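Colleague: Could you give me a close look at one part of this model, the barrel and the strand pairing in it? I'd like the surroundings too, charged pairs and cysteines included.

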Amino acid sequence: MEQIPEPHNVGDEPPPWRRSREFCVYHRFHDHTTSNCRNVGKIILRIIEQGKLDHFLAHQPNNLPPPPSGVNIYAKQKGKNTFVIEVGAKAKNLYCNSIVLSFRNIEDFHDNILSRVYARDVDGREILNLAKVSPLKYWQKPTISFNANETLGRGESHECPLVVRLGINPKPKVEDDEEDDPNNWGINRILIDPVSSVDILFYPTYKTMGGRDDELIPSTYKIYGFNGTANEPKGEVTMRILLQNIPTEIVLCVVDVESPYNSLIVRPWLHSILGVSSTFHQCIKFPLPQGVGIIRGDTIERRNCHEIDI
C-alpha cells in the first residue's frame, strides 16, 4: 500500500445532484465503484510494468507456432496472436500518416492489460473485481440496417452534417413520468459527431437552460480542435437525454466558444444507447424494447448550421 499514492481529491464528495450510491474506497467518496476506478487501474498497470504482479498474470504457452514473416505481433487476446501487416511507403509514394480514432493517452491504450489480472486472497476469493461488460438483453440485439429508400430525396445534398433535436433534462430523475417534467428542454441544433470522444454543451446554451457556474464540476483536461487552439472547459455537468424509458445520462463538457450548434453529441452517448448514426441517411437508429428507434435529422437546421460553419 505504500506504493499507492493518495489522490489529491480524497474525500471530496460531489454535489448532491451528481452523487450516486457507488462508493470508491480509493477516493473515499460516492461517484463510482473501486473496481471501475480508472486511477486504481492505472496504478495496477504501473505495478504490472514494474514486474511486481507477474505471479497474477496468465502465462501464454510456449509452443505457439512462429508468427508469419513480415508482420509484427500487436497483442494477444484469448490465446490467439493478432498481427498487424505493415504497409511500407516508398520514398516516391504519396501516403497519409494520420490517426482519426485514437486513445487520448497511452495509459488508456494499455488499460486492456487489466483483463489479464486476477487478484485473489488465500481462500480463492476475488479481491479486485475488475470492470466487466454486462451482457446485452434480448431487445438490445436487433439487426440495424439502412437502405436506399431511407436516403434524402432527389437533388438533396449529402454533404451536410447530421443535426438533430433532442429532449434534455438538466436535473436528476426523481419521478418515473418524464413527459410532464417542467425541466425538460427541447434542444435543437445538436451536431452528431461519432468521431470525437467528448460530449460538448456550449456555454450560452447551458446558461439559457438555467445552469449556474457553481454547479459545474471542474475539468482536468483541455479541448483541442476549436479554431485550432486549446480551450479550457468551464467544467462538466451531468444531464439526461430523454429517449422514452431508456436511461441515458450523459456527462457534458461545457465550453465557451462560438459555434452554430448548441451541443456536440459524440461517441460516448451513441455507444451508451447502442446507436448507429448515418450522415448519408440523416438519422440515428438504436434498439428499443418495442423495436428499433429512429431519430431523424433536422433538414432545415442542418443547412443553416452548415452555411454558418463554412
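Modeller: Here is a walk through the barrel, then the loop residue beside it, the salt bridges and the cysteines.

Keep in mind throughout that this is a predicted model. The barrel is closed by 6 strands in the order 5-6-12-7-11-10, and the pairing is mixed. From one strand to the next, the twist averages 50 degrees.

Let's start with strand 11, residues 249-255. Of its 7 residues, 5 are buried, so strand 11 is largely enclosed by the rest of the structure. On one side, strand 11 runs parallel to strand 7 (residues 200-202), and 3 bridges join the two. L201 has V254 of strand 11 as its bridge partner there. Strand 11 also pairs with strand 10 (residues 235-241), this time in the antiparallel sense and over 6 bridges. In that pairing, C253 of strand 11 stands opposite E236. So you can see both senses in one place: strand 11 is parallel to strand 7 and antiparallel to strand 10.

Elsewhere in the barrel, strand 6 (residues 185-192) and strand 12 (residues 263-265) run parallel, joined by 3 bridges. If you want a pair to click on, L191 has L264 in strand 12 as its bridge partner.

Now go back to E236 and C253, since a loop residue touches both. S219 sits in the loop between helix 3 (203-208) and strand 8 (223-226). Setting aside neighbours within four places in sequence, S219 is in contact with P233, G235, E236 and C253. What is the relative accessible area of S219, and does that make the residue buried or exposed? The value is 17%, and because the cut-off for buried is under 20%, S219 counts as buried.

On to the charges. Side chains of opposite charge can pair when their charged atoms come close. The count here is 5 salt bridges. One of them is K285 with E150, at 2.6 Å from N to O. K285 belongs to strand 14 (residues 283-288), while E150 is in the loop between helix 2 (106-109) and strand 5 (163-169), so this salt bridge ties together parts that are 135 residues apart in sequence. Both K285 and E150 are buried.

Other salt bridges involve residues that are not buried. R212 and D214 meet at 3.1 Å, N to O. R212 is partly exposed at 42% relative accessible area, and D214 is exposed at 56%. Salt bridges with shared partners join R212, D214 and E215 into one network. D213 forms a salt bridge with K207, with 3.9 Å between the closest N and O atoms. D213 is partly exposed, with 39% relative accessibility, and K207 is partly exposed, also with a relative accessible area of 39%.

Last, the cysteines. How many disulfides does a search of the whole structure find? The search turns up 0. For C37, the nearest cysteine sulfur is that of C24, 4.0 Å away, and C37 is in no disulfide. C37 is buried at 4% relative accessibility. C283 is buried as well, at 0%.

Notes: Residues are numbered from 1 along each chain as its sequence is written. This is a predicted model: local features need pLDDT of at least 70, side-chain atom pairs count only at pLDDT 80 or more; totals for chains, interfaces and linings use all residues. Side-chain values use heavy atoms; hydrogens and water are left out. Helices (H or I, at least four residues) and strands (E, at least two) are DSSP runs, numbered from the N terminus. Buried means under 20% relative accessible area, exposed over 50%, partly exposed in between (1.4 Å probe, protein chains only). Contact means heavy atoms within 4.5 Å. A disulfide is a pair of cysteine sulfur atoms within 2.5 Å. A salt bridge is a side-chain nitrogen of Lys or Arg within 4 Å of a carboxyl oxygen of Asp or Glu. Two strands pair if DSSP finds at least two bridges between them. Axes are lines fitted to C-alpha atoms, for helices over the stretch in contact, and angles run from 0 to 180 degrees between N-to-C directions.
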